[in-house]
Amino acid sequence: MSPAADSAVDPQVGLTAPEVAERVARGEVNAVPDARSRSFGDIVKANTFTWFNGLIGTLWVIMLLVAPIQDSLFGFVIVANTAIGIIQEYRAARTLAKLAVLGEARPTVLRDGEAVSVAKDDVVLDDIVVLTVGDQLVVDGVILRSDGLEIDESLLTGEADPVDKAAGDQAMSGSFVVAGSGVYRATRVGAESFAGRLTEQAKDFNLTNSELRTAINGFIRAISFLLIPVGVLLLWSQFVRADLPFDEAVRGTIAGVVTMVPEGLVLLTSIAMAVSVIRLAQKRVLVQDMPAVEVLARVDTICADKTGTLTEPGMRVQKVVPLSHEMTTQDVGPVLGAVAASAASPNPTLQAVADEFSSPGWTVTGATPFSSARKWSAADFGAHGAWVLGAPEIVGAGAPEAVRQEADDLAGTGARVLLLAQAEHLPPADEPLTTLTPVALVSISQELRPDAAQTVSYFLDQDVTVKVISGDNAVTVGAIAQEAGVPGADHPVDARDLPDDPQDLAQPIEEANVFGRVTPLQKQQMVEALHLRDSTVAMTGDGVNDVLALKKADLGIAMGSGSGATRAVAQLVLLDDKWSVMPSVVAEGRRVLGNIERVSDVFLTKTAYSVVFSLFTGIFAVAFPFLPRHLTLVSALTIGIPGFFLALMPNTERFRPGFLRRVLLFAVPSGVICAASALVSYSVALWVGEPLLNAQSAACITLFIVAAGVLLMSARPLNAIRLGIVATMVAMFIAVLYIPFLSTFFAVSLGPERYSFVAIGAGLIGVVLVWLAALVTDRWRRPPSARTRPARTAARR
């Protein structure tokens, strides 16, 4: 589309309505598919046409041909599971789509001479786009006007330093404005823009690309390698060695193979995460990346920006302290008003100054816009002089000790402090400040959020370290952090004294919790340093200076009122700007991951005992101990139905690495005990002369009793609801045993026959063995009672 771009568009007027309509008709719009979403058709396709659905579907068709419908129930379970997965994911997708409209950035464009805010998809070729600090560029273009415009392209190029942009320079979509303002003309939109091409390359949707899902898929892949050889062994032993009729041999083979696959576990994982997304949406939290739900549960360190996170949005000038007897507050007021008015897009601090002091209308002959890296801004007013306003440590580096002490005293109250100084000429943006005369200190009040202390207390109680990282004065940050209850706030660290290398930074960032005068690059380096100490880091922020750190953190959390660039790179967006919602957000992640581990115990226990059954049957060439309907019944009552409810219950345990190891430590011994108990019951029933069907019924009863014991152990810690779920499953199984229709349908019953006593006795012994095995494995599965890293413990004190 670049050749068709019209350079004759008036940059003062922009496109007219007819010109916009022409471009829309030609398809020259910024419509790019969202790489994080998929259509209803794609959702249906992804949930239906899976490898396991194909395998089990094929076996289901075969079973329908050779066995009664009762032995084909596993196929209907797959249909139901797939339908539930489609419905839940579609609900989550619709919820996210509605919230995304509220959270997305809306660029400002000039049309018919008026500045209007439009959706990013509504930007068209040749639109004149207005840029201010914090804006993310949504299309490629050429700069038409620059007022100290600096653009950060690090997310695209990896280059950390902002790039000065002048008229005629190219600008790429995906970059963001860190200083100054300007306008540019869209030359490439939609799929042809830089960001659009990246989106096209990332269109493969991954619902839960996470450590948890990777572990589950890895286990399933390992099991899948066993399916064919075990299936062949079963069919050969049943049909050739045991000399069973072909249809019975096929029925036993399919029963053994199908139960080895924990296909419902993947589905339940996706459902639990989708439900979590919906629950978070109800709290006005936008989840922009599904794996963020898992990361929520693993977070052990939260890095919070001070402004807008711990403090209320908005600021106001508290006092002005003149530093010269020659100037009074009345004399300083016009200068402050003029400096604030010189900024085309003032940040909240300059806006507070502008709100307090009106502009005298001085002509600006030159200006240097504020940037988070410089910590100052400047303006030249000709005959009225050149003035610099910024951080006292930077602007007043050569000032008398009394000035710096006065600034520290004001900062100690928790206020943001600025120093106004007069310069001989407008200082260049890329050179150190020199020959400045301090004129006045400006104190700007910031109020702690009412719920900040309670939120910090929650995280500390949950063994989550809270670190406050701010660009403000270290004393100011310390005062606010101390009021919020952050440990170590009485010893804030000035980041200007810290090393640049993440390796050298790791020790000081772990020992301290409060940092001031942190540059955007240092925020990113601090997150990298925490990663070197194996921390899982969440970073919260709202300003453009937080973008790099949000991108580098394991979990980036943006405020809904924050800059467009910040919201674009974050995985979570707090739409109502309430940091107090974070405890419930973290609790939601822990609930999902803790419960998935809980239900994984029973799913993989089923896989373990199924493998044992298949190998036993194949090696010893006996009839398979169960009818397929038996395994469907036991799986539904001890895994599928209770697993669904357990996956949605409260759980506060923080997710820890080693998920698969812990699950296998429980599942393998439990599965072996289940199989051994059922096989003993089956073998004894045959030995005492019971017919095959009675022996299979005995094995089914024993397996259910032991599997119910496994369910009870995996549901710990027990409460009334969890006990009620297990008791309901037992009652349902008893109903199957004694309701004639159900007993006949599932071919299982319990009467005065000898095999019934054997079945119950073997089952109860199996439950005791599962309990003893759990006592042993719990010692290896139990979370550590305290952190072992002394440095972090010291930091928390």
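So, is F40 buried, exposed or partly exposed? F40 counts as partly exposed, because its relative accessibility is 44%; the cut-offs are under 20% relative accessible area for buried, over 50% for exposed, and partly exposed in between, with a 1.4 Å probe and protein chains only.

Quick housekeeping. This is a predicted model, where local features need pLDDT of at least 70 and side-chain atom pairs count only at pLDDT 80 or more, while totals for chains, interfaces and linings use all residues. Residues are numbered from 1 along each chain as its sequence is written, and side-chain values use heavy atoms, with hydrogens and water left out.

Okay, aromatics. A search of the whole structure turns up 12 aromatic pairs. Rings of Phe, Tyr and Trp (its six-membered ring) pair if their centres lie within 6.5 Å, and planes under 30 degrees apart are stacked, over 60 edge-to-face, the rest tilted. F40 pairs edge-to-face with Y90, at 4.9 Å centre to centre and 70° between the planes. That pair links distant parts of the chain, 50 residues apart: F40 sits in helix α2 (residues 40-48) and Y90 in helix α4 (residues 73-103). Helices here are DSSP runs of H or I, at least four residues, numbered from the N terminus. Y90 is partly exposed too, at 33%.

Now look at F704 and F733. Their ring centres are 3.9 Å apart and their planes at 10°, so this pair is stacked. Again distant parts of the chain are linked: F704 is in helix α25 and F733 in helix α26 (residues 720-738), 29 residues apart. Both of these rings' residues, F704 and F733, are buried. There's also a cluster, with ring pairs linking Y609, F613, F624 and F626.

Y609 takes us to the cavity, since that residue is also one of those lining the largest cavity, along with V602, T605 and K606, among others. Elements giving two or more residues to that lining are α22 (582-620), α23 (628-646) and α25 (692-714), and α22 gives the most, with 4 residues. The volume is about 40 Å³, counted as the space filled by probe spheres set on the grid points, which are joined across faces, edges and corners. A cavity means a set of points on a 1 Å grid over the protein atoms alone where a 1.4 Å probe fits but cannot get out, and lining residues have an atom within 4 Å of a point.

Last stop: S237, in helix α7 (residues 211-241). S237 is buried, at 0%, and its side chain reaches the backbone oxygen of L234 at 3.0 Å.

Key
A polar contact is a pair of N or O atoms within 3.5 Å; within protein, one must be able to donate a hydrogen and the other to accept it, and residues adjacent in sequence count only if both atoms are side-chain atoms. On a 1 Å grid over the protein atoms alone, a cavity is a set of points where a 1.4 Å probe fits but cannot get out, and a pocket is an open set with protein on both sides within 12 Å along at least five of seven lines; lining residues have an atom within 4 Å of a point.
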